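Student: I'd like to learn how to read a model like this one, feature by feature. Can we go through it together?
Tutor: Sure, let's bring it up and begin with a single residue.

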Number of protein chains: 2
Amino acid sequence: MRAVDLIARKRDGHPLSRDEIRWFVAGAATGAVPDYQTSALLMAVVLRGMTPEETFWLTEAMLHSGDRLDLSDLPGLKISKHSTGGVGDKVSIALAPLAAACGVMVPKLSGRGLGHTGGTIDKLESIPGYRADLSVAEFKEVLRAVGTSIISQTATLAPADKKLYALRDVTATVESLPLISSSIMSKKLAEGTDAIVLDVKCGDGAFMKDSALARALASSMVDAGARMGVRTEALITSMDAPLGRAVGNAVEIEECVRLLQGAGPPDLMSLVSRLAVRMLVTSGACRDDAEGEARVRTAIASGEALDRLRRMIARHGGDPRVVDDPSRLPCAAHRAAIVADRPGYVTRVGAGLVGRAAATLGAGRTIVGEPIDHAAGILVAARPGDRVSAGDVVLEMLSNDPAALELARPLARAAVLIADEPPALPSLVLDSVR
Amino acid sequence: MRAVDLIARKRDGHPLSRDEIRWFVAGAATGAVPDYQTSALLMAVVLRGMTPEETFWLTEAMLHSGDRLDLSDLPGLKISKHSTGGVGDKVSIALAPLAAACGVMVPKLSGRGLGHTGGTIDKLESIPGYRADLSVAEFKEVLRAVGTSIISQTATLAPADKKLYALRDVTATVESLPLISSSIMSKKLAEGTDAIVLDVKCGDGAFMKDSALARALASSMVDAGARMGVRTEALITSMDAPLGRAVGNAVEIEECVRLLQGAGPPDLMSLVSRLAVRMLVTSGACRDDAEGEARVRTAIASGEALDRLRRMIARHGGDPRVVDDPSRLPCAAHRAAIVADRPGYVTRVGAGLVGRAAATLGAGRTIVGEPIDHAAGILVAARPGDRVSAGDVVLEMLSNDPAALELARPLARAAVLIADEPPALPSLVLDSVR
């Protein structure tokens, strides 16, 4: 096989075979196929697309480029959860211990933030002492003891995806449904779980702005899961406004704690609960949504869910006292408010702009490996639909860098729109694909 | 400027600016832009195209990546000629001395063959002793003395094109009108001549199979020449059958000699003469075609054209006696004939198959740098329109490798079609663009 012939076929819009895709992916991962050929093929895929079969073969090839976790010695049903990323999306940090408290096991490998969306690992690392780089043996130990563990991506799972992703990032080949789908699913399938629940974000603050594209991505990923024999379900959820009231790192941990105490913002509570129920039903742990909902309510009311979070933090070397005393989390030295310039109804808190403002404040990074300010972020005081008077605080910006507050102010200010009439509020869950 | 942003814009079908193209080309040539980004952009260009302005800016950027020959100290009008390549296309080797004999100067930088089409330099190197790698000073000395000199591409002219071409070859990004046009024209414009005459081959044995594409390429190249203030003209000529009767290296030199002796095959004579006339008229050396034709006839009849070839060979260290005694050229040890399997009219001698058969015999190469057999090739005994009897020789294969004769036989046999009715013969010159 010659790489140039495969590139030419894809360039001309023809599908590649399973063997060809496997050969190319293996070559790209080992370096036998040089990067300049890989990036040419990636661009041809972006512009010519892939059939559902090709997308699955690509997923499969990346999955087979590395290890697949063997969790068979751990008891019970194991479930993966993944979000395509949004602003204020701290769902996993509350959901994983909640689902564990409901009786399923949630092994989770997460990433760091890049651009305007945050990363679960960055958020957890705002907890003093939290170690995300556990070995597989340590990971399984935490899973056995607590029922959930959230670690950073390891080099041995889907290494081909790691290689391709690094190349896509610098060659403008990120935006491609088959490439996104296979990248996510190769990693999720490598987690070796019985079921996968996906949260495909759609809207201004998400990677997918368009609901048709979000549905297509969801279908592609559910298809790949089904072909591998892993029950997979996707919710398509709105990401037009930040999720909950906290955007950043430490502030999102604090919000997760409040949620597991039963006092979280309604939108976040509703989404976490819906995802938990689907994890319980999809994996077969619960018969139906009603049974799942009852179990979720009990896990929160009993304090069991919060306790799982506390124990997970402790097992990862983190300070578990943050759960009872959030002042132990990093706290920003400087704050500044964005106030309403007129009375009326908040019609929009643009997730994209809030995300960029939070990154400007230090909560995110634009280059891989850049350090972040765990205390920085934005608190959303007024959500879409809220009535405000002129001068009311609508956003509060937090940072350790006073100059960053001024840089972020125009972005934050532009994120909030106020009008005379209350807006029509879209539902948070737009659709689901099974 | 960031390469990834430029790639993204081209991926999305937007034009790049002159500065952006210049920045990218300079970066690609120096390595400041890594190959994997360059190849991603090349694939985006293949699939998204370029506007005429972008194509010119790309040409200009590649031209400016290196030196432009300064021929201003040489007397008279200088003219470049270029063919996009065909099977049996030895035109330059006869045309350059012919035009020089008519009073214009023809500095020519040529390439080696790859795939099924031959290279002018390979053909010249079949002459014992011929050196194609003259320095610029030696090149100009030959030009001053003889009026023409044919050397191989130098590293200092359009080095960015050299870099991009090497990458295109291995990333399936050769087939793109703006990339082909800019590659050719950056090198031609670097020759620093007063006018450029292009022979755009179209048909089965050419790179461009389709006449609309050939016309578009011709227009693009003429446009780039005009924008640079260099009078440029293109003929679009048929490449469905091999040009002349010889396909190979030494055999093509011998055919050029015969042509300049006034005894060449009519199709080749007609094309060489037409191109010579257009070189004389386009450059302003002759008033009109009639004057040009008269001068061409005289240059051949007087022996002046042949003498220029003899002197050019001698100045390049080659054995000039090959002009009077072709047996001094390499001669193949083995021969085999393809005969007509039925009586009738030859309707087709497929240039593509003949080219592939000749390469199989050793006359061409599939990998850059591979050695070739200068004696190998094919003699076309029966041309389209010829009447043959069963058993008549239609093609004669030459090689120093007896096994190659058997490998090439099915290709050569498939190239020739014979039918009851004589074919409609297309004209050799299909169109011209000025």
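Student: Where in chain A is the place of Asp240(A)?
Tutor: Keep in mind that this is a predicted model. Asp240(A) sits in the loop that runs between strand 5 (231-238) and strand 6 (246-248) of chain A.

Student: Is Asp240(A) buried, exposed or partly exposed?
Tutor: Partly exposed, since its relative accessibility is 34% and that class covers what lies between under 20% and over 50%.

Student: Which residues is Asp240(A) in contact with, leaving aside its neighbours within four places in sequence?
Tutor: Two stretches of chain A turn up: Cys202(A), Gly203(A) and Asp204(A), plus Val349(A), Gly350(A) and Ala351(A). Take Asp204(A) from that list: it is 36 residues from Asp240(A) along the chain, yet their C-alpha atoms are separated by 4.8 Å. There's a polar link as well, with the side chain of Asp240(A) reaching the backbone nitrogen of Asp204(A) at 3.0 Å.

Student: How far apart in space are Ile338(A) and Val296(A)?
Tutor: Those two are 42 residues apart in sequence and 36 Å apart in space, C-alpha to C-alpha. Ile338(A) itself belongs to strand 7 (residues 334-339) of chain A and is buried, with 2% relative accessibility. Beyond four places in sequence, what it touches includes Asp392(A), Val393(A), Val394(A) and Leu395(A), along with Arg409(A) and Arg413(A).

Student: What about a lysine: is Lys140(A) buried or exposed?
Tutor: Buried, at a relative accessible area of 19%; the cut-off is under 20%. Lys140(A) is part of helix 7 (residues 136-146) of chain A. Setting aside neighbours within four places, its contacts are Asp70(A), Leu71(A), Asp73(A) and Leu74(A).

Student: Now backbone angles. What is the phi of Ala158(A)?
Tutor: About 45°, so a positive value, although Ala158(A) is not a glycine. You'll find it in the loop between strand 3 (148-152) and helix 8 of chain A, and it is buried with a relative accessible area of 1%. Look at chain B too: Ala158(B) has a positive phi of about 45° and is buried at 1% relative accessible area.

Student: Let's move to the two chains. How does chain A lie on chain B?
Tutor: The general idea is that two copies of a chain are related by a rotation about an axis and a shift along it. Here a turn of 180° with a shift of 0.1 Å along the axis lays chain A on chain B, at an RMSD of 0.0 Å. That's what a two-fold axis does. In chain A, Tyr36(A) has the C-alpha nearest the axis, 1.9 Å from it.

Student: How many residues does the contact take from each chain?
Tutor: It takes 21 residues from chain A and 21 residues from chain B. The same surface serves both copies, with 100% of the contact residues of chain A recurring in chain B.

Student: How much area do chain A and chain B bury between them?
Tutor: About 1,600 Å², with 73% of it on carbon and sulfur atoms. On the chain A side, Arg11(A), Tyr36(A) and Leu47(A) lose the most area to chain B, together 36% of what that side buries.

Student: How many salt bridges and polar contacts cross the interface?
Tutor: The rule finds two salt bridges and nine residue pairs in polar contact. One of the salt bridges joins Glu175(A) to Arg11(B), whose closest N and O atoms are 3.0 Å apart.

Student: Which helix of chain A gives the most to the side that touches chain B?
Tutor: Helix 3, with ten residues. By type, the side of chain A that touches chain B splits into twelve nonpolar, four polar and five charged residues.

Student: And how many residues of helix 1 of chain B are buried?
Tutor: Seven of its nine residues (the helix spans 3-11) are buried, so helix 1 of chain B is largely enclosed by the rest of the structure. Among them are Leu6(B), Ile7(B), Lys10(B) and Arg11(B). The buried residues of this helix pack against helix 3 and helix 8 of chain A, together with helix 2 (18-30), helix 3 (35-48) and helix 4 (52-63) of chain B. Just after helix 1 of chain B comes Gly13(B), with a positive phi of about 85°.

How values were computed: Residues are numbered from 1 along each chain as its sequence is written. Chains are lettered from A and ligands numbered from 1 in the order in which they are written. This is a predicted model: local features need pLDDT of at least 70, side-chain atom pairs count only at pLDDT 80 or more; totals for chains, interfaces and linings use all residues. Side-chain values use heavy atoms; hydrogens and water are left out. Copies are superposed by least squares on the C-alpha atoms of residues with pLDDT of at least 70 in both. Contact means heavy atoms within 4.5 Å. Buried area is the accessible area (1.4 Å probe) that two parts lose on being put together, summed over both. A salt bridge is a side-chain nitrogen of Lys or Arg within 4 Å of a carboxyl oxygen of Asp or Glu. A polar contact is a pair of N or O atoms within 3.5 Å; within protein, one must be able to donate a hydrogen and the other to accept it, and residues adjacent in sequence count only if both atoms are side-chain atoms. Helices (H or I, at least four residues) and strands (E, at least two) are DSSP runs, numbered from the N terminus. Ala, Val, Leu, Ile, Met, Phe, Trp, Tyr, Cys and Pro count as nonpolar, Asp, Glu, Lys and Arg as charged, and the others, Gly among them, as polar. Buried means under 20% relative accessible area, exposed over 50%, partly exposed in between (1.4 Å probe, protein chains only).
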